[in-house]
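Hi,

Here is the structure I promised to pass on. Have a look at it first, and my notes follow underneath.

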Amino acid sequence: MENLIKRLEKEAGLTQEQAIKAIITIKDFMDKENMKVDWGKFVKDKYEDLTQMLKDIPNKVNEKAQPYTEKISEAIDSAVSKARKSAHDISQKAAEFFEEKKH
């Protein structure tokens with residue numbers, strides 16, 4: 001099974017996750033079309049490994065997204081801080097302007 005995944009990655013240009021999903025899609029199609037395949041022999045009893053690999057995909061995506069999430073959070077915090085400072089500066093200038101008008 002691992003050899004087939006590697007081959008799909010190399011020859012078809014798929015990621016590991018895409019290769020796994022392609023194999024599962026083909027298996028489901030063949031099962032629904034009543035095509036008789038000894039899947040245990042085909043995947044050499046590694047279907048459970050394949051299932052586990054699929055379960056790990058969301059964790060891998062989260063790991064890859066984490067640095068971007070942190071950068072976005074920092075950018076938002078910075079923008080909020082700048083907006084607060086600008087609002088404070090504007091209110092300060094408005095107060096000074098009205099104070100000058102009184103005199």
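One definition before anything else: a residue counts as buried when its relative accessible area is under 20%, as exposed when it is over 50%, and as partly exposed in between. Please also keep in mind that this is a predicted model.

**Overall layout**

The protein has four helices and zero strands, so to speak an α-α-α-α pattern when you read along the sequence. Of its 103 residues, 12% are buried. The protein exposes about 8800 Å², and carbon and sulfur atoms supply 56% of that area. As for contacts with a separation of 6 or more, 50% of them come from residues 24 or more positions apart.

**Helix α2 and the core**

I'd start with α2, which covers residues 16-32. This helix has 17 residues and spans 24 Å from its first C-alpha to its last, close to the 24 Å expected at 1.5 Å a residue. Its buried residues are Glu-17, Ala-19, Ile-20, Ile-23, Ile-24 and Lys-27.

Several of those names come back in the largest nonpolar core, which is made up of Ile-5, Ala-19, Ile-20, Ile-23 and Ile-24. Helix α2 is the main contributor to this core, with four residues.

Leu-14 is worth a click as well. You'll find Leu-14 in the loop between α1 and α2, where it is partly exposed at 26% relative accessible area. Which residues does Leu-14 touch, leaving aside its neighbours within four places in sequence? The contacts are Leu-8, Glu-9, Ala-19 and Ala-22.

**Salt bridges**

There are three salt bridges in the structure, and here they are one by one.

- Lys-27 and Asp-31: their side chains meet at 2.5 Å, N to O. Both residues sit in helix α2, four residues apart, about one turn of the helix. Lys-27 has a relative accessibility of 16%, so it falls under the 20% cut-off and counts as buried. Its partner Asp-31 is partly exposed, with a relative accessible area of 31%.
- Arg-7 and Glu-11: the closest N and O atoms are 2.9 Å apart. This pair belongs to helix α1, again with a spacing of four residues, about one turn of the helix. Arg-7 is exposed, with a relative accessible area of 52%, and Glu-11 is exposed too, at 57% relative accessibility.
- Lys-6 and Glu-9: here the closest N and O atoms are 3.9 Å apart. Both lie in helix α1 (residues 2-12), three residues apart, about one turn of the helix. Lys-6 is exposed at 53% relative accessible area, while Glu-9 counts as partly exposed at 22% relative accessibility.

Since a salt bridge is counted when the side-chain nitrogen is within 4 Å of the carboxyl oxygen, the 3.9 Å of the Lys-6 and Glu-9 pair is within the cut-off. Glu-9 turns up in two places in these notes: it is the salt-bridge partner of Lys-6, and it is in contact with Leu-14.

**A backbone angle to look at**

What is the phi of Asn-34, just after α2? It is positive, about 55°, although Asn-34 is not a glycine. I mention it because most residues other than glycine have a negative phi. Asn-34 lies in the loop between α2 and α3 (39-42), and it is exposed, with a relative accessible area of 57%.

**A nonpolar patch on the surface**

Moving further along the sequence, Tyr-68, Ile-72, Ile-76 and Val-80 form a nonpolar patch on the surface. Together they have about 410 Å² of accessible area. One of them, Ile-76, lies in helix α4 (residues 47-102). Ile-76 has a relative accessibility of 48%, so it counts as partly exposed, given that exposed means over 50%.

**Where to look**

If you only open a few views, I'd pick these: the core residues, Ile-5, Ala-19, Ile-20, Ile-23 and Ile-24; the Lys-27 and Asp-31 salt bridge; Asn-34 with its positive phi; and the patch that includes Ile-76.

Cheers

Conventions
Residues are numbered from 1 along each chain as its sequence is written. This is a predicted model: local features need pLDDT of at least 70, side-chain atom pairs count only at pLDDT 80 or more; totals for chains, interfaces and linings use all residues. Side-chain values use heavy atoms; hydrogens and water are left out. A nonpolar core is a set of buried Ala, Val, Leu, Ile, Met, Phe, Trp, Tyr and Cys residues joined through side-chain atoms within 4.5 Å. Buried means under 20% relative accessible area, exposed over 50%, partly exposed in between (1.4 Å probe, protein chains only). Helices (H or I, at least four residues) and strands (E, at least two) are DSSP runs, numbered from the N terminus. Patches are made of residues with over 30% relative accessible area and no salt bridge: like charges are joined within 9 Å, nonpolar side chains (Val, Leu, Ile, Met, Phe, Trp, Tyr) within 5 Å. Accessible areas come from the Shrake-Rupley method with a 1.4 Å probe; for residues, only the protein chains shown count as cover. The expected span of a helix is 1.5 Å times one less than its number of residues. Contact means heavy atoms within 4.5 Å.
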